[in-house]
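Thanks for coming. I have one structure to go through today, and I will keep to pockets, helix packing and a handful of single residues.

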Amino acid sequence: LGWKVRAAVRAGQWTVVAATIEAMKPAQQAEPIWRYWLGRAYQQQGQTEAALALWRPIAGSQGFYEQLALDQLGLPVQTPSPPLPLSPSEKQAAAHNPGFKRALQAIEWDLRSEGVKEWNYTAFLHTPGGMSERELLAAAELACEFEVWDRCINTSARTRHEINHVQRFPTPFASQVVRHANRIGLNPAYVYGLIRQESRFVYDARSHVGASGLMQVMPATAKWTAKKIGLNGFDPKQLNDSETNIVIGTAYLKLVLDDFEGSMPMAAAAYNAGPSRPRQWRNGPTLEAAIWIENIPFTETRTYVKNVLANTTNYAAQLTGQAQRIGQFLKPIGPRTQTAQALDTDLP
């Protein structure tokens with residue numbers, strides 16, 4: 001049913017979209033993705049109030065379709081007000097928690113997998129029902145202080161009422177990210193949105209396919225990029241150095257973005273799945289970006305692109321101090337234009 005909806009949305013068959021989503025089980029219908037598209041179908045059929053009733057409960061800054069619903073309501077993404085500051089006793093309780101102490105020690109000893117398991121057990125399982133929101137915020141702050149950014153983000157993201165945006169969207173390596181992004185004409189919010197999705201700011205992260213560092217660059221891609229930008233003496237072992245990884249990663253992202261005429265969704269898809277695939281996926285009718293994204297055939301890449309763009313919108317609001325709309329990053333997508341720069345056939 002999900003793929004039937006995607007195909008119908010792509011074809012502009014809004015009656016089919018509505019009928020198919022209405023045929024889903026209630027739990028599936030309740031997911032933000034299908035509430036959003038059902039609202040769009042109702043909107044196309046002139047049922048504006050029914051559409052608004054679907055979008056209002058999900059509208060927010062936390063995810064791709066939540067932000068799209070917010071956009072449909074004419075509202076921007078804003079950095080929420082921070083919760084009340086943690087008290088000294090709340091901070092001390094987290095700092096003295098034996099489970100968190102064991103987890104942080106294990107991570108310091110390069111036993112990251114064991115440390116993450118210990119942390120997650122302590123935060124989410126040891127106490128029936130998990131820790132309270134204030135306890136989670138205190139734990140997240142502890143992780144941030146120790147620069148264990150993935151635990152900071154994931155722990156803070158568990159709260160539902162007390163939202164600490166800075167914990168959820170931290171900006172480590174700020175001088176490096178902003179400097180290198182601005183130097184080559186990249187939006188720093190886009191770089192941060194990608195890093196948060198790629199590595200959760202774990203500088204020595206390594207994927208199962210061999211991608212390394214903050215921006216999860218493959219060694220072969222890194223070598224090609226280093227040669228392209230004139231970075232002499234580069235060795236793939238340097239990818240775990242944050243400065244080098246950001247230089248290589250931002251340079252490659254900029255080359256990809258330029259090759260896709262500034263389309264953030266296509267560039268993110270290329271960063272995840274390689275440039276040849278989105279070059280094929282863009283062929284056909286010109287589509288609004290959300291429809292194109294929803295029809296990406298790889299689940300991993302489809303989810304990746306949505307998360308990068310939702311992250312980017314949140315980071316843009318935080319870095320600029322101004323309200324943002326996800327729609328500004330979603331230009332229509334279609335076949336390559338005749339006025340576009342020549343295709344970079346060497347782009348790995």
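I will start with the pockets, move on to the helices behind them, and finish with individual positions.

One caution before that: this is a predicted model.

Pockets, then. Rolling a probe the size of a water molecule over the atoms shows where empty space is left. The largest pocket here comes out at a volume of about 720 Å³. Its lining counts 31 residues, and those nearest the centre are S61, Q62, G63, F64 and E66. Which helices supply at least two residues each to that lining? They are α4, residues 32-44, α6, residues 64-72, α12, residues 165-168, α14, residues 188-198, and α20, residues 299-320. Of these, α20 gives the most, with 8 residues. Sorted by class, the lining of the largest pocket holds 12 polar, 10 charged and 9 nonpolar residues.

The second largest pocket has a volume of about 600 Å³. There are 23 residues in its lining, with E198, V209, A211, Y271 and N272 nearest the centre. Three helices each supply at least two lining residues: α14, α20 and α17, the last being residues 264-273. The largest share, 4 residues, comes from α17. In the second largest pocket the class count is 12 nonpolar, 8 polar and 3 charged. Please keep α14 and α20 in mind, since each is listed for the largest pocket and again for the second largest.

Next, the packing of α14 against α17. Two packed helices are described by the angle between their axes and the distance between the axes. For α14 and α17 the angle is about 35°, and the axes lie 12 Å apart. The crossing of α14 past α17 is right-handed. From α14 the residues involved are Y190, L194 and E198, and they meet M264, A267, A268 and Y271 of α17. By class, that contact is made of 6 nonpolar residues, no polar ones and 1 charged. Two of the names have come up already: E198 and Y271 take part in this contact, and both are among the residues nearest the centre of the second largest pocket.

How much of α17 is buried? The helix is mostly covered, with 9 of its 10 residues buried. Those are M264, P265, M266, A267, A268, A269, A270, Y271 and A273. The cover over them includes α14, α16 at 242-259, α18 at 276-281, α19 and α20.

That leads to I296, which sits in the loop between α19, residues 289-294, and α20. I296 is counted as buried because its relative accessible area is 1%, and the cut-off for buried is under 20%. Leaving out residues up to four places away in sequence, I296 touches W3, A269, W281, T301, R302 and V305. One of these, A269, belongs to the buried set of α17. As for distance, I296 and Y190 are 106 residues apart in sequence, and their C-alpha atoms are 20 Å apart.

Another buried position is T225, in helix α15, residues 219-229. Its relative accessibility is 0%, so T225 counts as buried. Beyond its neighbours within four places in sequence, T225 is in contact with I248, A251 and Y252.

Now to backbone angles. Most residues other than glycine have a negative phi, and most peptide bonds are trans. I have two residues with a positive value to show. D110 has a phi near 65°, and F201 has a phi near 70°. Both are in loops: D110 lies between α8, residues 98-108, and α9, residues 112-125, while F201 lies between α14 and α15. Are they buried or exposed? D110 is exposed, at 65% relative accessible area, whereas F201 is buried, at 3%.

Last, A95, which is in helix α7, residues 88-95. A95 has a relative accessible area of 32%, so it is classed as partly exposed. Its contacts, leaving aside neighbours within four places in sequence, are K101 and L142. The C-alpha atoms of A95 and E141 are separated by 9.7 Å, with the two positions 46 residues apart along the chain counted as their separation.

That is the set. I am happy to go back to any of these positions on the screen.

Notes: Residues numbered from 1 in each chain as written. Predicted model: local features only at pLDDT ≥ 70, side-chain atom pairs only at ≥ 80, totals over all residues. Heavy atoms only, no water. 1 Å grid on protein atoms, 1.4 Å probe; cavity = no way out; pocket = protein on both sides within 12 Å on 5 of 7 lines; lining within 4 Å. Points joined across faces, edges and corners; volume = space filled by probe spheres on them. Nonpolar A, V, L, I, M, F, W, Y, C, P; charged D, E, K, R; others polar. Axes fitted to C-alpha atoms, helices over the stretch in contact; angles between N-to-C directions. Left-handed = near helix turned anticlockwise from the far one by under 90°. Contact = heavy atoms within 4.5 Å. Buried < 20%, exposed > 50% of the residue type's maximum accessible area, 1.4 Å probe, protein only.
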